[in-house]
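I set out to look up two things: the cysteines, and the packing of one pair of helices. The structure comes before my entries.

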Amino acid sequence: MNGRRLDFRIIADWIRPQSRVLDLGCGDGTLLDTLARTKKVSGYGLELDDQHVTESIRRGVNVIQTDLDAGLSEFDDHSFDYVILSLTLQAVKYPERLLREMLRVGTEGIVTFPNFGYWVSRVQLLRGRMPVSRALPHEWYNTPNIHLCTLQDFEDLCRKEGIRILESEVVDHEHRRRLGLRLFPNLLGEIALYRFRRA
Amino acid sequence: MGLVTPLRLRIEQPLLLSSGGVLASYELVYETYGTLNSDHSNAVLVCHALSGSHHVAGYHSAEDTKPGWWEQHIGPGKSIDTRRFFVVACNNIGSCYGSTGPASVNPVTGRPYGPDFPMVTVRDWVETQARLADALGITQWAAVVGGSLGGMQALRWAIDYPTRLRHAIIIAAAPKLTAQNIAFNEVARQAILTDPDFHGGRFYDHGTEPRRGLRIARMLGHITYLSEDIMRQKFGRDIRGGKLNFDYQVAFEVESYLRHQADTFVGRFDANTYLLMTKALDYFDPAGETEGDLSRALARVQAASLVLSFTSDWRFPPARSREIVKALHDNDLDVSYAEIKAPHGHDAFLMRIPRYVDIFSAYMERVAAA
């Protein structure tokens, strides 16, 4: 939870007060709860995990237990100002389809993901091993992360899908923003954050 | 919950029914648990399902062997904590557990209503429950809660009296029955209606009751309340006495179970009530008033909702609950939804399943906070 503070703070900075938000993979509801209190946003969290659903309910967050891989078909077009996907993109079955869905039901999308281009991952791959790091703590055989990408990969996909990136940030594993990160984001950034909309 | 005593309220104000009929006066039997707070803001209404009653928790006497039907969830420290909430449970009209129903005496004829008892709907029940709330000085329920047909009443409350409840808790319900649901109900009704002891619903006058029909109806119902998995788990193909007798006596354990359920039902349930309750289920369809558009049907709702379903419920499966959830969030209403993994089928809503208790309790804390 501590480790996610900065990425939540960056997301909170990006979001206009009193907007309607859909949080995909809302976890224990911390982000929506924070946004509700600090930005007066309203909306829903979608979550699959039983424990997280109960925690969200306990927190007073509107949570709907659902599998993101089943899509967002029950939500009408343009129902939300923002659709957030925080550290979940890499774990869904159809990332490109989900991005499209995000921009169907919402005006803007916000995505955060662990950057596979982070130098530590590159070094581990060069040594012939699948990367394991603080942002990617799983072994290859038990990881839920099936669609890892780098900043460049993500930006390529956005171009291909006609998605315009409005804002982006990278942070390190302590979720700090440093000068080096701004110069070499794809190498030094451990977590990437993007805000985007249809071009 | 300890010992509880049913209470009785007579309502002289005529009830205009959805069917067009009128009930000039009627009685409601109800129970309450816990204490109503000074600003009357902690009242929770529990609505019962097809064969339920106002007796939701506790025992009626020291000799009573079975507690109320939702004892698992209502009481001190339970999902609906009676140290915090004032719980009201009302027997619906048309029932056979004390509120005015087909077995009650028709004041016009001096004989039981029988088939003359008017058809009642979920909407009619909600209206009678509102009269009870008036009498108890409850202008707004903290929550209206129900499972199955009871969940449909909670939904109807949110539609019909948007300002009179803060939360609706809708468990193992559906926004309307499917053709398959109605088909099962119709078989049950045919079993009763064609029983020679039914006498057109006037069996009271003949000192009998359509036992065979009611038994079959109940057995059929029980098949739809359980999942295939739980039946396999509970009974499998186990044979009573270990060998086949090549006759029509009970061979398999599942037959014994169904016969037992039928035996205990007959004698405590009224065949006319069974007919009425299944019709109320069949007719329930709030979206029927808005050209099938459930979202529009819920446009006036203000309450926040918790919707719960159970994975193995094939009577009202999770997808049916999701229809309710969608219509609620289409209207930008506060709604939470959880699908509880349980092997028990539709009956799961009656049980004490740890995750079910966790979620129900967590939500009730939110009800208490607001």
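My notebook entries follow, beginning with conventions.

**Conventions.** I worked on a predicted model, in which local features need pLDDT of at least 70 and side-chain atom pairs count only at pLDDT 80 or more, while totals for chains, interfaces and linings use all residues. Residues are numbered from 1 along each chain as its sequence is written, chains are lettered from A and ligands numbered from 1 in the order in which they are written, and side-chain values use heavy atoms, without hydrogens and water.

**Cysteines.** I looked for disulfides (pairs of cysteine sulfur atoms within 2.5 Å) and found zero over all chains. For A:C149, the nearest cysteine sulfur belongs to A:C158, 9.1 Å away. A:C149 is buried (under 20% relative accessible area, 1.4 Å probe, protein chains only), at 13%. For B:C90, also in no disulfide, the nearest cysteine sulfur is that of B:C47, at 8.2 Å. B:C90 is buried, with a relative accessible area of 2%.

**Helices.** Two packed helices are described by the angle between their axes and the distance between the axes. I noted that helix 4 (residues 211-225) and helix 6 (residues 253-265), both of chain B, pack at about 125 degrees with axes 8 Å apart. Helices here are DSSP runs of H or I, at least four residues, numbered from the N terminus. Axes are lines fitted to C-alpha atoms over the stretch in contact, and angles run from 0 to 180 degrees between N-to-C directions. Helix 4 and helix 6 of chain B are therefore oblique to each other, that is, outside the ranges under 35, 65 to 115 and over 145 degrees.

Conventions: Buried means under 20% relative accessible area, exposed over 50%, partly exposed in between (1.4 Å probe, protein chains only). Helices (H or I, at least four residues) and strands (E, at least two) are DSSP runs, numbered from the N terminus.
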